[in-house]
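Thanks, everyone, I'll keep this one short. Let me put the model on the screen and then walk you through it.

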Amino acid sequence: MQVHGSGNLIQMLMEHDLVDELWLKIFPITLGTGKRLFAGGTIPAAFILYDLKSSPKGVIIVSYKRAGEVETGSF
């Protein structure tokens with residue numbers, strides 16, 4: 001299932017550990033306050049980068065897959 005534009009649904013899926021991939025588009029603009037994607041209730045989860053692209057206008061498109069348990073330490 002893909003979720004487009006529903007912050008409430010993605011947060012509910014993340015709270016119940018039902019997200020195995022993240023496809024994010026990061027735009028080079030700030031507009032002030034907004035809704036947090038990773039709000040309270042999101043469980044800790046590790047992801048690994050498997051694709052990265054950028055557009056001529058500076059949009060960064062990243063894809064992450066679930067990578068098991070969270071490991072803390074250096075990066």
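**Starting from one glutamine**

So, Gln11 comes out buried, with a relative accessibility of 13%. Buried here means under 20% relative accessible area, exposed means over 50%, and partly exposed is anything in between, using a 1.4 Å probe and protein chains only. Before I go on: this is a predicted model, so local features need pLDDT of at least 70 and side-chain atom pairs count only at pLDDT 80 or more, while totals for chains, interfaces and linings use all residues. Numbering starts from 1 along each chain as its sequence is written, and side-chain values use heavy atoms, with hydrogens and water left out.

Back to Gln11, which sits in helix α1. What is Gln11 in contact with, once we leave aside its neighbours within four places in sequence? That would be Lys35, Arg36, Leu37 and Ala39, where contact means heavy atoms within 4.5 Å.

**The overall layout**

Zooming out, the chain has 1 helix and 3 strands, and from the N terminus on the order is α-β-β-β. Those are DSSP runs numbered from the N terminus: H or I of at least four residues for helices, E of at least two for strands. The C-alpha trace spans about 35 × 30 × 25 Å along its principal axes. Of the 75 residues, 13% count as buried. For contacts with a separation of 6 or more, 55% come from residues 24 or more positions apart.

On the surface side, the chain exposes about 6,400 Å², and carbon and sulfur atoms supply 57% of that. Those areas are Shrake-Rupley with a 1.4 Å probe, and for residues only the protein chains shown count as cover. Then the charges: the 7 positive and 7 negative ones have mean positions 13 Å apart. Lys and Arg are the positives, Asp and Glu the negatives, with His and the chain ends not counted; each charge is placed at NZ of Lys, CZ of Arg, CG of Asp or CD of Glu.

**The core**

Which residues make up the largest nonpolar core? Ile10, Leu13, Met14, Val19 and Leu22, so 5 residues in all. Helix α1, residues 7-15, is the top contributor to this core, with 3 residues. By core I mean buried Ala, Val, Leu, Ile, Met, Phe, Trp, Tyr and Cys residues joined through side-chain atoms within 4.5 Å. As background, nonpolar side chains in soluble globular proteins tend to be buried together. Looking past the neighbours within four places in sequence, Ile10 is in contact with Val3, Val19 and Leu37.

**The strands**

Next, strand β3, residues 60-66. Strand β1, residues 21-26, pairs with β3 antiparallel over 6 bridges. Strand β2, residues 47-54, also pairs antiparallel with β3, over 7 bridges. Pairing here means that DSSP finds at least two bridges between the two strands. If you want to click on particular partners, Leu22 bridges to Tyr64, Ile48 stands opposite Lys65, and Ser54 is matched with Ile60.

The hairpin of β2 and β3 has 5 residues between the strands, and Gly58 in there takes a positive phi near 95°.

Is Ser63, over in β3, buried or exposed? Buried, at 9% relative accessibility. Apart from neighbours within four places in sequence, Ser63 is in contact with Leu22, Trp23, Ile48, Leu49, Tyr50 and Asp51.

**Odd phi and the outer bits**

Most residues other than glycine have a negative phi. Asp17 is not a glycine, yet has a positive phi of about 55°. You'll find Asp17 in the loop between α1 and β1, partly exposed at 40% relative accessibility.

Towards the ends of the chain, His4 lies in the segment before α1 and is exposed, with a relative accessible area of 66%. How far is His4 from Thr72, C-alpha to C-alpha? The distance is 30 Å, with their positions 68 residues apart in sequence. Glu71, in the segment after β3, is exposed too, at 75% relative accessibility. From Glu71 to Leu31 the C-alpha distance is 33 Å, and they are 40 residues apart in sequence.

That's my tour, thanks for listening.
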